[in-house]
Amino acid sequence: MPAFAESTAEPPLSDSYYALLRRGNKVDECASVPPPGCQVLPVAECELPMIDVGCLTTGGGGEEERAACAAAIASAAAEWGFFQVVNHGVKQELLEAMRREQVRLFRLPFEAKATAGLLNDSYRWGSPTATSPRQLSWSEAFHVPLAGISGSPCSYGELTSIRDVTQEVAKAMSKLANTLARVLAESLGHTAGQGFPEGCDESTCFLRLNRYPACPFSPDAFGLVPHTDSDFLTVLCQDQVGGLQLMKGSRWVAVKPIPNALIVNIGDLFQAWSNNRYKSVEHKVITNATTERYSLAYFLCPSYDSPIGACEEPSPYRTFTFGEYRRRVQEDVKKTGKKIGLPNFLL
């Protein structure tokens, strides 16, 4: 690892913000502090459905208890697209260790994070395709392909332990995600015992370490712009700062952080496979004016050449692979500044 001159750890988000503000007359009028008549509407806080999945993760409980748990999971996936789980099998001590490693990692100089190839060269910040402040994500992240963790060096200063902790967290979250995915698939008639999702294993999934710096510019700046997830299932561990919001009905609602609970949400691929019975719901992160926020997300993804398929025919979507889906999303974001997603694949 090369030596870096002492510098700020913060990515140049402010520079990006001001550069976007200077971009002609197409700048969103509400991109900075809102003027009169452009107030930020209050957002109601909600508690997501809370499900105790101990009977699934420990192998305990009777058949009736497991059936009731599976029914609650399927109902939440269909009605909300989001739910919370407790007794999930991911040890709290492990999540706390991961949080400590995240904090140390993000406190490295920006130049080191951006150029030193840490965690398989997975660092990113802001929104490279943004054309206005409302398309800028006020955040930085390591979006780590799990296939690369075991072979990727991470030896900047005292960070040699992050690889081991990351592998352990990924293994625990993978076990939970696959358990929940099988339960959801079986609720739609998928035969128990069959591998699901097809083409998914530890080498095809991703772990994302997020940091959302405090943002002094706007009371409703996006830490992460509104989007849906391009995977089967996401498992999220967030801190207690808050900021996650999701679309429920026709309005945004804020998700209340619950200690020791993990958040699970349905991704686009599961919505397609389920013939729209499970909902991949739009969500976003709003920054805090004074406090940074950390989160950790596990993305259950198949291999790029895996066909997504459907739980039964006819399907409202044409056949596509995960690789084709990702490429189309990237093309749309580059051309239009936003993701279109599943509507591109409707028959």
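Start by selecting strand 9 (residues 244-248) and strand 12 (residues 283-286) in this predicted model. The two run antiparallel and are joined by 3 bridges. To see one of these pairings, show leucine 244 and look across to strand 12, where valine 285 is its bridge partner.

Keep strand 9 on screen and add strand 10 (residues 251-255). This pair is antiparallel too, with 4 bridges between strand 9 and strand 10. Click on methionine 247 and you will find tryptophan 252 of strand 10 standing opposite. Now move to the turn: 2 residues lie between the strands of this hairpin, and glycine 249 takes a positive phi near 70° there.

Next, bring in strand 7 (222-227). Strand 7 runs antiparallel to strand 12, and 3 bridges connect them. Which residue of strand 12 is the bridge partner of leucine 224? Valine 285 is that partner, and valine 285 is also the bridge partner of leucine 244.

With strand 1 (44-46) selected as well, you have the whole open sheet: 5 strands in the order 1-10-9-12-7, with mixed pairing. Strand 1 and strand 7 each have a single partner strand, so one side of each is left without a neighbour in the sheet. On average, neighbouring strands here are turned by 35° against each other, direction ignored.

Time for the other sheet. Select its 8 strands and follow the order 2-3-11-8-13-6-5-4; this sheet is open and its pairing is mixed. At its edges you will meet strand 2 (50-52) and strand 4 (123-125), each pairing on one side only. Neighbouring strands in this sheet are turned by 25° on average, again ignoring direction.

Zoom in on the edge at strand 2. Strand 2 runs parallel to strand 3 (residues 82-86), with 3 bridges between them. Methionine 50 has glutamine 84 of strand 3 as its bridge partner.

Now add the helices that pack on this sheet. Helix 4 (residues 92-106) touches several strands, including strand 5 (140-145) and strand 6 (206-212), and its direction makes about 115° with that of strand 13 (293-300). Helix 8 packs on the sheet as well, touching strand 3, strand 6, strand 8, strand 11 and strand 13, and its direction makes about 55° with that of strand 13.

Stay with helix 8 (residues 162-186) and select helix 3 (residues 63-79): their axes are 9 Å apart and the helices pack at an angle of about 85°. That angle makes helix 3 roughly perpendicular to helix 8. Show side chains to see Ala70, Ile73, Ala74 and Ala77 of helix 3 meeting Leu180, Val183 and Leu184 of helix 8. What classes of residue make up this contact? There are 7 nonpolar residues, no polar and no charged.

Finish with the cavities. The structure has 2 of 30 Å³ or more. The largest holds about 80 Å³ of space. Select Tyr17, Pro133, Leu136, Ala221 and Phe222, the closest to its centre of the 10 residues lining it. By class, this lining has 8 nonpolar, 1 polar and 1 charged residues.

The second largest cavity has a volume of about 40 Å³. Among its lining residues are Gln84, Gln238, Asp239 and Ile263. Its lining divides into 4 nonpolar, 3 polar and 1 charged. You have already visited Gln84, the bridge partner of methionine 50.

Technical notes: Residues are numbered from 1 along each chain as its sequence is written. Side-chain values use heavy atoms; hydrogens and water are left out. Axes are lines fitted to C-alpha atoms, for helices over the stretch in contact, and angles run from 0 to 180 degrees between N-to-C directions. Angles under 35 degrees count as roughly parallel, over 145 as roughly antiparallel, 65 to 115 as roughly perpendicular and the rest as oblique. Contact means heavy atoms within 4.5 Å. Ala, Val, Leu, Ile, Met, Phe, Trp, Tyr, Cys and Pro count as nonpolar, Asp, Glu, Lys and Arg as charged, and the others, Gly among them, as polar. On a 1 Å grid over the protein atoms alone, a cavity is a set of points where a 1.4 Å probe fits but cannot get out, and a pocket is an open set with protein on both sides within 12 Å along at least five of seven lines; lining residues have an atom within 4 Å of a point. Grid points are joined across faces, edges and corners, and a volume is the space filled by probe spheres set on the points. Two strands pair if DSSP finds at least two bridges between them.
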